[in-house]
Amino acid sequence: MELLPDLKLHHPRSVEDAVSLHAAASSGRYLAGGSDLLVNIRRGIEQPESLVYLNNIAEMQAITEATGQISIGGAVTLRELAESAPVRQHFAAVAQAAGEVAGPSHREYGTLGGNLCLDTRCVFYNQSEWWRSANAYCLKNRGEICHVAPGGKKCFAAFSGDVAPALLLFDAEVELAGPDGRRRLALADLYRNDGMDHLTLGQGELLVAVHMAKPSEAVHSAYAKSRVRGSIDFPLAGVAVRIAVSDGKISDLQVGLTGVSPLPFLVRKLDKFIGRAADDACLEELRDAVRGQAKAMKTTFTPPHYRRRVAGALAQKLAASFF
Amino acid sequence: MKTVLSLTVNGVAHDDVIPDNMLLVDYLREKTGLTGTKIGCDGGECGACTVLIDDRPRHACLTLAATCQDSRIETVDGLSRDSRLTALQRGFNEKLGAQCGFCTPGMIMASEALLRRNPDPSEADIRDALAANICRCTGYVKIIEAVQFAAQELASGELAS
């Protein structure tokens, strides 16, 4: 690892101060937990002149409930999110996903906002400066060739945050603050299918909070991930399932995926399962539907073939647990 | 750029002028001279640098020291009192929880955080709490026995420190 470059660290106490401090710097980055950003800086991937530290902003540290709604601050830690009683009660997949991120010490300082804005990952990208220079870098950073798909001009680095697919199940909205004020955006629209530039955040924008409506009591949800080491790894594939079954028939079904493409997304065309009997044939069809849309590329040492299959299998297993 | 940092390390108040880019682990080792905290992987993967910040286990190698203003830091150096080891330290000694010993400071601090929250942990609780700490020698069985030893000693009335 390289040494951290000389930089200025700002400690704003309000969102508005954070935005103006960021705007005043020529090359600044927002810093939350730092478990992703500081590593990338020390690997020479980026060299900001200033960091704007977000974890002293009270507004971003609260989980608040209103009638039928919940708001979760961007600086809420993953441990707090995993332990939150209202989140566990109404959004089980979100609490489980937060509790599955990395290890317990990472979750003490890793934040919701940081996990949602995590940089995309690839075996050719998350390496030391020395390693990457020996490999002529890569398309995502300083290089001209994507080593995953050498013929193409597209980056396939995978989005690997665990919480995003769970939030997508509940149509979460993100509240952003930037130099032009605040705006709300559907979480799905925060992402684009481009490993080099996967966030639609504008210049100087930060994620203040996530807002969601509570689903009906009949809705169940869960999250599971496959990883090399059960204790701390990023997902090879992460699967969030939302389901409701009434009178033996499926009345609500959504599946969110992460770790298999440059963005987290909801599996498409699941409407055909609504009204179907919740049985083994249905589960196998669901598995195949998820597998078909989990188009993992060679961004990990584990082959993409396995990640596609395990995504389908996890969806099948999670759905079956509610039948 | 520099910051004036005020915090306590193992109960001792410190006021230091530090560069903004100084990591907590470098502050502890270089500025305060407490070299118990180890730098293993340098990137949050191994847990050897685990220290307690306001009672919570965190990686000192991924924490900028300047973000620890007014915090209470505890490292493995501050556990023993008057040359007497704590129950956890005795556990790692008695049960051979340390072999090469490089991961041990992080293991002990993560275990310390666990026992403060949960004085009677199950084996699964111990495995969960130590999930972010990697040991390449022991195979973890002896480490788990060491934490169980400490929990039993504490339950039988031995003082933690």
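Chain B of this predicted model contains five helices and five strands. Followed along the sequence, the elements of chain B come in the pattern β-β-α-β-β-β-α-α-α-α. The C-alpha trace of chain B spans about 50 × 30 × 25 Å along its principal axes. Its radius of gyration is 15 Å, which agrees with the value near 15 Å that a compact globule of 161 residues would have. Of those 161 residues, 53% count as buried. Among contacts in chain B between residues at least 6 apart in sequence, 57% join residues at least 24 apart. The accessible surface of chain B comes to about 7,000 Å², and carbon and sulfur atoms account for 48% of that surface.

Chain B does not stand alone, and the next step is its contact with chain A. Chain A brings 28 residues to this contact, and chain B brings 25 residues. The size of an interface is often given as the accessible area lost when the parts come together. Between chain A and chain B, the buried area is about 2,300 Å², with 57% of it from carbon and sulfur atoms. Three residues of chain A, namely Ser105(A), Glu108(A) and Tyr109(A), supply 21% of the area that chain A buries against chain B, more than any other three residues.

Another residue of chain A that touches chain B is Leu51(A), whose contacts include Leu64(B). Leu51(A) lies in strand S3 of chain A, which covers residues 50-53. Leu51(A) counts as buried because its relative accessibility is 0%, and the cut-off for buried is under 20%. Leaving aside residues up to four places away in sequence, the residues that Leu51(A) touches within chain A include Leu7(A), Lys8(A), Leu9(A) and His10(A). Arg29(A), Leu31(A), Leu37(A), Leu38(A) and Ile41(A) are also among its contacts. His147(A) is 96 residues away from Leu51(A) along the chain, and the C-alpha atoms of these two residues are separated by 31 Å.

The sheets of chain A come next. One of them is an open sheet of five strands in the order S4-S5-S8-S6-S7, with antiparallel pairing. Its edge strands are S4 (63-66) and S7 (181-186) of chain A, each of which pairs on one side only. From one strand to the next, the twist averages 20°.

Within this sheet, strand S6 of chain A, residues 173-178, has S8 and S7 as its neighbours in the strand order. Five bridges join S6(A) to the antiparallel strand S8(A), which covers residues 206-213. Six bridges link S6(A) with S7(A), again in the antiparallel sense. S6(A) and S7(A) form a hairpin, with two residues between them. Glu173(A) shows both pairings: the residue opposite Glu173(A) in S8(A) is His211(A), while its bridge partner in S7(A) is Ala186(A). S6(A) is mostly covered, with five of its six residues buried.

Another open sheet of chain A has four strands in the order S9-S10-S11-S12, also with antiparallel pairing. S9 and strand S12 (265-266) of chain A stand at the edges with a single partner strand each, so one side of each has no neighbour in the sheet. Between the edges, strand S10 (residues 237-246) and strand S11 (residues 249-258) of chain A are joined by nine bridges and run antiparallel. One facing pair in these strands is Ser246(A) and Lys249(A).

Helices lie against this sheet. Helix H10 of chain A, residues 280-293, packs on the sheet and touches S11 and S12 of chain A. The direction of H10(A) makes about 30° with that of S11(A). Helix H11 of chain A, residues 304-320, lies across S9, S10 and S11 of chain A and runs at about 30° to S10(A).

Strand S9 of chain A, residues 220-226, also meets helix H5 of chain A, since it is among the elements against which the buried residues of H5(A) pack. The other elements in that packing are helix H3 (78-83), helix H4 (85-90), helix H6 (104-107) and helix H9 (163-168) of chain A. H5(A) covers residues 92-99, and its buried residues are Ala93(A), Val94(A), Ala95(A), Ala97(A) and Ala98(A).

Methods:
Residues numbered from 1 in each chain as written. Chains lettered and ligands numbered in written order. Predicted model: local features only at pLDDT ≥ 70, side-chain atom pairs only at ≥ 80, totals over all residues. Heavy atoms only, no water. Pairing = 2+ DSSP bridges. Axes fitted to C-alpha atoms, helices over the stretch in contact; angles between N-to-C directions. Buried < 20%, exposed > 50% of the residue type's maximum accessible area, 1.4 Å probe, protein only. Contact = heavy atoms within 4.5 Å. Rg over C-alpha atoms; globule rule 2.2 N^0.38 Å. Areas by Shrake-Rupley, 256 points an atom, 1.4 Å probe, with all protein chains shown as cover. Buried area = accessible area lost by both parts, 1.4 Å probe.
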